[in-house]
Amino acid sequence: MLRANSIVVDAIPDFLSSDAAQRIKDLRKSKIDVQQLQTDLRSGDRAALSRCITLIESSLPEHKLEAAQLLNTLEPKQNTLRLGITGVPGVGKSTFIEAFGLYAISKGYKVAVLAVDPSSQLTRGSILGDKTRMEELVKSESAFIRPSASGTTLGGVAASTREIIALCEAAGYNFIIIETVGVGQSETTVADLTDFFLLLHLAGAGDELQGIKRGIMEMADLIVINKADGANVKPAKRAQAQLKSALSLFPPKTNFYESKVLTASALEHSGISDVFDEITTYFEQAKENGHFEGHRKKQVLKAFQSMIEQALLFDFTNNPNVKAKWETVVVDLETGKITPRTAVQQLLELYRNA
Ligand code: GDP
């Protein structure tokens, strides 16, 4: 049996309608049954989904227990699509996601947009969380938009984003878009959370490979050259040809699909249906030949390994015996009195005997 518990909702997300926000305010005042929360979540209630997310992001120990109970009841969903989107600021990610999301909704999908934003860990102000973005999509009954997940490490953000995906899927969202800014490690994180990875790019002046990191190109299943409108159509076509030949130098990521390059204008909503068809065709094939299931299984195991590593490291560094000896070991290391291997042995011994 699940215990009834009060859940503290510390912030009402801006994207919620005033109706939903009022419901959260009302619920805040009362004690909440987690089982009821699950029922509301399964019925697709957006306010319940927001509250579940707040619960799993809460750092209070009693909430962690409730969050685990909540997450344990969710069965993994195979009939959902998880799309990762990256690109430098200004490339048109939010404009593209809005156009793409509305198109997916017109095809009968329910769309959730989540963000992994490394900058928000430092500033607490998210560049991806700006509420003025995706104004049309926000209004749709079939869309759920969540600014970036909170967390102090990318690993932590990845873990909570994985759980938020599960919650969105339990609430009936079957097209999950995870957005990140094309900087640093966050693309790898997003690729590990998604089934298909899309890089948004702009036509440059000449050398198209400049400005794209090799690693990101290798990761991309699809490159979309955005802003292919007006005077930009020709440069976009040139860039498409150049990137296509560059991609052909990489070994294919799977034995059934070769990464592609398409052009689009998110502003004019042109090329969006081609991108959508490309992605949904990939999904159909990947599901048919078993790649989809195998890929998700690998991701779950990778997430498990990374969570184990984080948990053990946390346990180790917070162990009182280890903590007490830490400074001395660091000084001994710095002065060359002991080697890193000895330092590890000493601390591990203290940890094991704690
Ligand atoms: P983000 O920072 O990657 O999310 O980019 P935004 O979606 O905020 O777009 C940055 C700017 O590019 C905005 O002024 C958009 O109106 C503009 N933009 C986005 N997509 C297109 C497009 O397809 N064509 C043109 N011409 N402008 C676009």
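**Glu-136 and Lys-139**

I looked up the contact between Glu-136 and Lys-139 in this predicted model. Their side chains form a salt bridge, with N to O at 3.2 Å. I then checked where the two residues sit: both belong to helix 7, residues 135-139, and because they are three residues apart there, about one helical turn separates them. For solvent exposure I noted 45% relative accessibility for Glu-136, which means partly exposed. Lys-139 has 60% and is exposed, since the cut-off for that class is over 50%.

**Salt bridge search**

I ran the search over the whole structure, and it returned 11 salt bridges. I followed up two others from the search, beginning with Lys-253.

**Lys-253 and Asp-221**

I found Lys-253 in a salt bridge with Asp-221, with 2.9 Å between the closest N and O atoms. This pair links distant parts of the chain, 32 residues apart. I located Lys-253 in the loop between helix 11 (233-247) and strand 9 (260-263). Asp-221 is in the loop between helix 10 (214-219) and strand 8 (222-226). Which of the two classes, buried or exposed, fits Asp-221? I read 5% relative accessibility for Asp-221, so it counts as buried. Lys-253 is partly exposed, at 41% relative accessible area.

**Lys-260 and Glu-278**

I looked up Lys-260 next and found a salt bridge to Glu-278, where the closest N and O atoms are 3.5 Å apart. Lys-260 is in strand 9 and Glu-278 in helix 12 (residues 272-288), so this bridge ties together parts 18 residues apart in sequence. I recorded Lys-260 as partly exposed, with 31% relative accessibility. Glu-278 has a relative accessible area of 16%, and I entered it as buried because the limit is under 20%.

**The sheet**

Strand 9 led me to the sheet. I traced seven strands in an open sheet with parallel pairing, in the order 5-4-6-3-7-8-9. Which strands stand at the edges? I noted strand 5 (143-146) and strand 9; each has a single partner strand, so one side of each has no neighbour in the sheet. For the twist I got an average of 20° from one strand to the next.

I also checked the pairing of strand 5 with strand 4 (residues 111-116): the two run parallel and share four bridges. For Val-113 I looked up the bridge partner in strand 5, and it is Ile-145.

Definitions and conventions
Residues are numbered from 1 along each chain as its sequence is written. This is a predicted model: local features need pLDDT of at least 70, side-chain atom pairs count only at pLDDT 80 or more; totals for chains, interfaces and linings use all residues. Side-chain values use heavy atoms; hydrogens and water are left out. A salt bridge is a side-chain nitrogen of Lys or Arg within 4 Å of a carboxyl oxygen of Asp or Glu. Buried means under 20% relative accessible area, exposed over 50%, partly exposed in between (1.4 Å probe, protein chains only). Two strands pair if DSSP finds at least two bridges between them. Axes are lines fitted to C-alpha atoms, for helices over the stretch in contact, and angles run from 0 to 180 degrees between N-to-C directions.
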